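Got the model open in your viewer? Let's take a walk through it, one selection at a time.

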Amino acid sequence: MTDKQTQFKQYIEEGYKFEGEHIILGTAILDEEALQETLIKAPLKSFNRHGLIAGATGTGKTKTIQLITEALSSESVSVLVMDIKGDLSGLAAEGNFHRKILERHDKIGIPFEPTAFPVELLSLSGEKGAKLRATVSEFGPILFSKILGLNETQSGIVSIIFKYCDDNQLPLLDLKDFKKVLHFATNDGKDELQEMYGSISPASAGAILRRIVELEQQGGDNFFGEPSFEVEDLLRVGDDGKGMISILRLTDLQDKPKLFSTFMLCLLAEIYAKFPEEGDVGRPKLVVFIDEAHLIFNEASKALLNQIESIVKLIRSKGVGLFFCTQNPTDVPDAVLSQLGMKVQHALRAFTAKDRKNIKLTAENYPLSDYYETDEMLTSLGIGEAAITVLDEKGRPTPLAATLLRAPRSRMDVLTEEEIDALVGKSRIARLYNREVDRESAYEILTAKLKAAEEMAAKEAEEEKSSSSSSRRSTKEEEGFIESMSKNTMVRQLGRTITRELTRSLLGVFGIKSRR
């Protein structure tokens, strides 16, 4: 070992010496050579300070998520992983010995031990696993409006709808409930709502409805409903003491960023609301890995981004760490990026002038180093290598280190369909959350109310028709009686007249004078 290597080894060992619990990520690289047992570690205490895993396609980001997830689970820390590409189900099965894996671990200086981990498969849509749902009421009017990207006027209408439902015991469980109330508010219930809460513009209501339809087209109608997922179920520990790894399978949502960002915001808000305050704990309760994070940020409105930024800043006090995984650090807004303490940067590729500019910007996010030209190092890293810096136990950045990462101990391939079926089949929470529940809510209550009103209106119309018909019959009978009486009177008068004239005629015949 050269003097430079010896000095570098001491520098790294001093920078990565921690008193508390930690995990091993790999060994340091200097001048393209891995220095055995120059271990790069991350203290558990810093995992609620969040992190970034970035790099070009094919550089090993997913395997980095896998190996960090394994290490956390081994320390009884629960993990939630957003599996956009469907690559991480292999965490449930043991890995295999392979010559290249053994060579890698020889260079690092640690043994390779194939291990399976406790895994729970979750789903937002048609994927196999426990279904994740939430009710519209749980979102609340403010968050629901931000998800739909509504303006101030439209958000006010949403608040009125929520208020009306609260005041009239109308549960808002799914999107059809909200649409039904919105339609009622601008039609049959217009006068009722206007008297109590103010008028609702049909144009604004139509704009809200169009946003809801857009969300439905991306599968939002499958997400909203019951039974609602309890976030405490993410904190389980397996029978062997390992933290439960919950894998949310999102392979069918890559082209549905609206639903993905909706779910993420709902989940983080629910965690923040329900988890107790932990302060600066020695280990995290839950670590969340968000793969393809650009899907959240690229499609999010400004209001939604502000909400995400606020939650990222505040949620660490709940003992929760967030790790964003994306191709380029510039995919993450600066306000979020500044909150990420641990950075694992895989290789970046400089194919264009814009790429070279982005690499220089990325290099500025890392601590200065006497041993690396950071921008050059970022383009020379191999597969399964990364530039790493973490926060130490006092919150200070550790030295930048090019790192040869350890191999995942679980299977680096996906489970078969049979293995997935077996895993879901023995899941307790899959049986709990895959039940179809459609209890009486705003849609059914208002539908029944409108139907009762229609039936009442029809009954009143029938009674009025019947009363009118009876009145007409009475009138005709009276007219007939009067006409009959008139005819009888005329006949009697005519009879008397004829009798008088006939009497006169007879008296005249017999020569008798009539007396008047």
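Before selecting anything, some ground rules: helices (H or I, at least four residues) and strands (E, at least two) are DSSP runs numbered from the N terminus, and two strands pair if DSSP finds at least two bridges between them. This is a predicted model, so local features need pLDDT of at least 70 and side-chain atom pairs count only at pLDDT 80 or more, while totals for chains, interfaces and linings use all residues. Residues are numbered from 1 along each chain as its sequence is written, and side-chain values use heavy atoms, with hydrogens and water left out.

**Stop one: the sheet**

Select the strands. You get an open sheet of 12, with mixed pairing, running E2-E1-E12-E11-E10-E3-E9-E8-E4-E7-E5-E6. The edges belong to strand E2 (33-43) and strand E6 (130-131); each has a single partner strand, so one side of each is left without a neighbour in the sheet.

Now bring up helix H3 (residues 99-108), which packs on the sheet and touches strand E1 (22-30), E2 and E12. Contact here means heavy atoms within 4.5 Å. The direction of H3 makes about 80 degrees with that of E2; axes are lines fitted to C-alpha atoms, for helices over the stretch in contact, and angles run from 0 to 180 degrees between N-to-C directions.

Next, pick strand E11 (residues 385-389) and strand E12 (residues 401-405): they pair in the antiparallel sense over four bridges. Which residue of E12 is the bridge partner of Glu 385? Label Leu 404 and you have the partner.

While you're around E1 and E2, click Glu 32 in the loop between them. Glu 32 isn't a glycine, yet its phi is positive, about 65 degrees. Most residues other than glycine have a negative phi, and most peptide bonds are trans. For a peptide-bond exception, jump to the bond from Glu 226 to Pro 227, which is cis with omega near 0 degrees. Pro 227 lies in the loop between helix H9 (220-223) and E7.

**Stop two: helices around H4**

Show helix H4 (residues 136-148) with helix H5 (residues 152-167): their axes are 8 Å apart, at an angle of about 155 degrees. H4 and H5 are therefore roughly antiparallel, the label for angles over 145 degrees (under 35 is roughly parallel, 65 to 115 roughly perpendicular, the rest oblique). The H4/H5 crossing is left-handed, meaning that the near helix is turned anticlockwise from the far one by less than a right angle (clockwise would be right-handed). Residues in this contact include Phe 144 of H4 and Phe 162 of H5. The contact splits into five nonpolar, five polar and no charged residues. For that count, Ala, Val, Leu, Ile, Met, Phe, Trp, Tyr, Cys and Pro are nonpolar, Asp, Glu, Lys and Arg are charged, and the others, Gly among them, are polar.

Swap H5 for helix H12 (residues 302-314), whose axis is 7 Å from that of H4, at about 125 degrees. That makes H4 oblique to H12. Their crossing is left-handed. Here Leu 143, Lys 146 and Ile 147 in H4 meet Ala 303, Leu 304 and Gln 307 in H12.

Then go back to H5 and add helix H6 (residues 175-185): the axes come within 10 Å and cross at roughly 100 degrees. That makes H5 roughly perpendicular to H6. The contact includes Ile 161 of H5 and Phe 178 of H6, and by class has 11 nonpolar, no polar and no charged residues.

**Last stop: a salt bridge**

Select Arg 249 and Glu 127, whose side chains meet in a salt bridge at 3.3 Å, N to O. The term covers a side-chain nitrogen of Lys or Arg within 4 Å of a carboxyl oxygen of Asp or Glu. The pair links distant parts of the chain, 122 residues apart: Arg 249 in strand E7 (residues 245-249) and Glu 127 in the loop between strand E5 (119-123) and E6. The structure holds 23 salt bridges.
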